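Work through the exercises below with the structure open. Try each task before reading its solution.

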Amino acid sequence: MAVTGLILVSFVCVHLLGNLSLFAGADAINTYAAKLQSLGPIVWIFRAVMLAVFAVHVGFGIQLTVQNNAARPVGYLQKVNERSTFSSRSMIVTGGVLFIFIVWHLAHFTGHVGVDTAKFAGAAADGHFDVYGMVTTAFSSAFYFILYAVGMACLFLHLAHGVGSFFQSLGLTSECTLDGVGVFGKAVSFILLVGYFAVIICGAVKA
Ligand code: HEM
C-alpha cells in the first residue's frame with residue numbers, strides 16, 4: 001500500500017500544480033491542458049499505469065480492512081483510542097468516498113459528462129477545448145462546488161493518516177520520530193487541502 005500510496009500522492013501534488021495555473025488565467029490552463037493532450041500515446045500509457053496503481057491500492061485497502069475486522073470478530077466492550085485518530089479510523093470510508101469522487105471527476109472533466117461540450121469545444125484562444133471555461137462554469141454552481149469541497153475534505157482526511165503511515169509501513173520510523181512523521185503527514189495533507197480549495201474558490205470567483 002505504501003508504494004502505491006506514494007505514487008498516488010505524487011500524482012495529487014503534480015495535479016495540483018497544474019490546476020494552480022487557473023490563477024494565471026484562461027491561456028495558462030488551456031495551454032497546459034493542450035500540451036498534455038499533445039503527448040498522445042504517452043498520456044494513455046500514463047493513464048494505464050495510474051489505473052493499475054489505483055486498482056492495487058484500492059484492492060489492498062479493502063483486503064487490509066477485511067483482515068482487521070476478521071482479527072476481532074467480537075467488538076471491544078469499551079474502546080479507548082490511545083494512538084488512533086479520526087482520520088486513521090475512517091480510512092476505508094474516506095477512501096471509498098474518494099473512489100466515488102475520482103470516478104465521477106473523470107467522467108466530468110475528462111469524459112465531459114454533464115459538460116456543455118458545444119460551448120467549450122474549440123473555444124480556447126488556440127482552438128483547443130476550453131478547459132478554463134469548463135472548470136470555472138462548474139465551480140460557479142453550488143452543486144459542483146460542494147461536491148468538490150467534500151471530495152477535497154476526504155482527500156485531506158485520507159492523506160492526514162496515509163502520508164505518515166507510508167513511513168511506518170516501510171519501517172522508516174522509530175519511537176522518537178513517530179510523532180514528527182505524523183505531523184509531517186498532516187502538514188502535507190493540509191497544504192494540499194488549502195491548494196485544492198484555492199483552485200475551487202478561484203474557479204468560482206473567475207466564472
Ligand atoms: C479542485 C480540484 C480539482 C480540479 C479543478 C481538477 C481538474 C481536472 C481537470 C480539468 C482534468 C481534465 C484534464 C484534461 O482532460 O484536460 C482533471 C483530470 C483528472 N483529475 Fe483532477 N482536478 C481536481 C482534483 C483532483 C483530485 C483530488 C484528484 C485525485 C485524487 C484528481 C484526479 C484526476 C485524474 C486521475 C484525472 C485524469 C487525468 C487524465 O486525463 O489523464 N483530480 N482534473
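The exercises cover the ligand, its metal and the residues around them in this predicted model.

**Exercise 1. Find which protein atoms are donors of the iron atom of the ligand, and name the geometry of the site.**

Step 1. Look for the protein donors. They are NE2 of His15 and NE2 of His105, lying 2.0 Å from the iron atom.
Step 2. Check the angles. The iron site has six donor atoms, with angles of 87 to 180 degrees among them.
Step 3. Assign the geometry. Octahedral requires opposite donors over 155 degrees apart and all others between 65 and 115. The site is octahedral.
Step 4. Place the pair in the fold. His15 lies in helix 1 and His105 in helix 5, so the pair ties together parts 90 residues apart in sequence.

**Exercise 2. Decide whether His15 and His105 are buried or partly exposed.**

Step 1. Recall the cut-off: buried means under 20% relative accessible area.
Step 2. His105 has 16% relative accessibility and counts as buried.
Step 3. His15 has a relative accessible area of 27%, and is partly exposed.

**Exercise 3. Describe the shell around the ligand and its polar contacts.**

Step 1. Take the shell: 21 residues surround the ligand.
Step 2. Sort them. The shell divides into 15 nonpolar, five polar and one charged.
Step 3. Trace their origin. Helix 5 (91-110) is among the helices that each supply at least two shell residues. Helix 5 gives the most, with six.
Step 4. List side-chain contacts. A polar atom of Arg47 lies 2.7 Å from a ligand oxygen. For ligand nitrogen atoms, an N or O atom of His15 is 2.8 Å away, and a polar atom of Asn19 lies 3.4 Å away.

How values were computed. Residues are numbered from 1 along each chain as its sequence is written. This is a predicted model: local features need pLDDT of at least 70, side-chain atom pairs count only at pLDDT 80 or more; totals for chains, interfaces and linings use all residues. Side-chain values use heavy atoms; hydrogens and water are left out. A residue is near a molecule or strand if one of its heavy atoms lies within 4 Å of it. A polar contact is a pair of N or O atoms within 3.5 Å; within protein, one must be able to donate a hydrogen and the other to accept it, and residues adjacent in sequence count only if both atoms are side-chain atoms. Helices (H or I, at least four residues) and strands (E, at least two) are DSSP runs, numbered from the N terminus. Ala, Val, Leu, Ile, Met, Phe, Trp, Tyr, Cys and Pro count as nonpolar, Asp, Glu, Lys and Arg as charged, and the others, Gly among them, as polar. Donors are N, O and S atoms within 2.8 Å of the metal (3.2 Å for Na, K and Ca); water is not among the atoms, so sites may look incomplete. Four donors count as tetrahedral if all angles lie between 85 and 135 degrees; four count as square planar and six as octahedral if opposite donors are over 155 degrees apart and all others between 65 and 115; anything else is irregular. Buried means under 20% relative accessible area, exposed over 50%, partly exposed in between (1.4 Å probe, protein chains only).
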